[in-house]
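Reader: Hello! Could you take me on a close look at one part of this protein, with the arginines and their surroundings as the thread? I would like a connected account that I can follow along in the viewer.

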Amino acid sequence: QVQLVESGGGLVQAGGSLRLSCVASGRIFSINSMGWYRQTPGNQRELVAISSGGITNYADSVKGRFAISRDNAKNTVYLQMNSLKPEDTAVYYCNAQGVQTVGYVRGNMWGQGTQVTVSS
């Protein structure tokens with residue numbers, strides 16, 4: 001069974017750093033794109049950063065502070081978050097698209113989410 005498992009969330013003071021990790025487990029041959037989204041209560045899930053084919057894109061609100069990276073050999077994506085602000089507080093979700101596994105391709109997958117809280 002293919003699944004995404006996140007780790008690395010927590011509580012940090014404003015200006016601090018956190019690193020999120022997401023591992024895609026199971027029999028996986030390739031993953032087209034991996035990224036991070038976040039959601040706060042009452043709001044829609046929004047894109048934070050995405051990596052696809054060596055190209056990365058970021059939400060304007062995190063450019064220059066967050067960095068996404070992938071280890072394709074480990075089917076893992078990371079999100080290094082620096083200079084964190086209280087407005088970065090949210091549940092962060094890992095996303096994978098085009099996950100090729102045995103016999104089929106999973107179009108869109110989500111992790112369970114990890115809470116990031118930034119105190120002022």
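**The sheet and the arginines around it**

Author: Happy to. Four strands form an open sheet in the order S1-S3-S8-S7, and their pairing is antiparallel. The edges are strand S1 (3–7) and S7, each of which pairs on one side only. On average, neighbouring strands of this sheet are turned by 15° against each other, direction ignored. Please keep in mind that this is a predicted model.

Inside the sheet, strand S3 (residues 18–25) runs antiparallel to strand S8 (residues 76–81), and the two are joined over 6 bridges. If you would like a spot to look at, find Leu20, which stands opposite Leu79 in S8.

Now to the arginines, beginning with Arg65. You will find Arg65 in the loop between strand S6 (55–58) and strand S7 (66–71). Is Arg65 buried or exposed? Its relative accessibility is 11%, and because the cut-off for buried is under 20%, Arg65 counts as buried. A polar atom of the Arg65 side chain lies 2.9 Å from the backbone oxygen of Ser83. Leaving aside neighbours within four places in sequence, Arg65 is in contact with Gln80, Met81, Asn82, Ser83, Leu84, Lys85 and Asp88.

Asp88 leads us on to the next arginine, since the side chain of Asp88 makes a polar contact with the side chain of Arg38, at 3.0 Å. Arg38 lies in strand S4 (residues 28–39). With a relative accessibility of 6%, Arg38 counts as buried. Its side chain also makes a polar contact with the side chain of Tyr92, at 2.9 Å. Beyond its neighbours within four places in sequence, Arg38 has a list of contacts that includes Gln44, Arg45, Glu46, Val48, Ser61, Val62 and Phe66. Glu87, Asp88, Ala90, Val91 and Tyr92 are also in contact with Arg38.

Arg45, one of those contacts of Arg38, brings us to the aromatic residues. Arg45 lies over the face of Tyr93, at 3.6 Å from the ring centre. Arg45 also lies over the face of Trp110, at 4.5 Å from the ring centre.

Trp110 has a further part to play here. The structure holds 1 aromatic pair. The rings of Tyr37 and Trp110 have centres 5.0 Å apart and planes at 70°, so the pair is edge-to-face. This pair links distant parts of the chain, with Tyr37 in strand S4 and Trp110 in strand S10 (residues 104–110), 73 residues apart. Tyr37 is buried, with a relative accessible area of 16%, whereas Trp110 counts as partly exposed at 34% relative accessibility.

One more arginine rounds off the tour. Arg27 is found in the loop between S3 and S4. Its relative accessibility is 58%, and because exposed means over 50%, Arg27 counts as exposed. Which residues does Arg27 contact, leaving aside its neighbours within four places in sequence? They are Val2, Gln100, Thr101 and Val102. Arg27 and Val102 are 75 residues apart in sequence, but their C-alpha atoms are 6.6 Å apart in space.

To follow this in your viewer, you could start at Arg65 and its contact Asp88, step across to Arg38 through the polar contact of the two side chains, and go from there to Arg45. From Arg45, the ring of Trp110 takes you to the pair with Tyr37.

Technical notes:
Residues numbered from 1 in each chain as written. Predicted model: local features only at pLDDT ≥ 70, side-chain atom pairs only at ≥ 80, totals over all residues. Heavy atoms only, no water. Buried < 20%, exposed > 50% of the residue type's maximum accessible area, 1.4 Å probe, protein only. Polar contact = N/O pair within 3.5 Å; in protein donor to acceptor, adjacent residues only side chain to side chain. Contact = heavy atoms within 4.5 Å. Pairing = 2+ DSSP bridges. Axes fitted to C-alpha atoms, helices over the stretch in contact; angles between N-to-C directions. Phe/Tyr/Trp six-rings, centres within 6.5 Å; stacked < 30°, edge-to-face > 60°. Lys NZ or Arg CZ within 6 Å of the ring centre and 35° of its normal.
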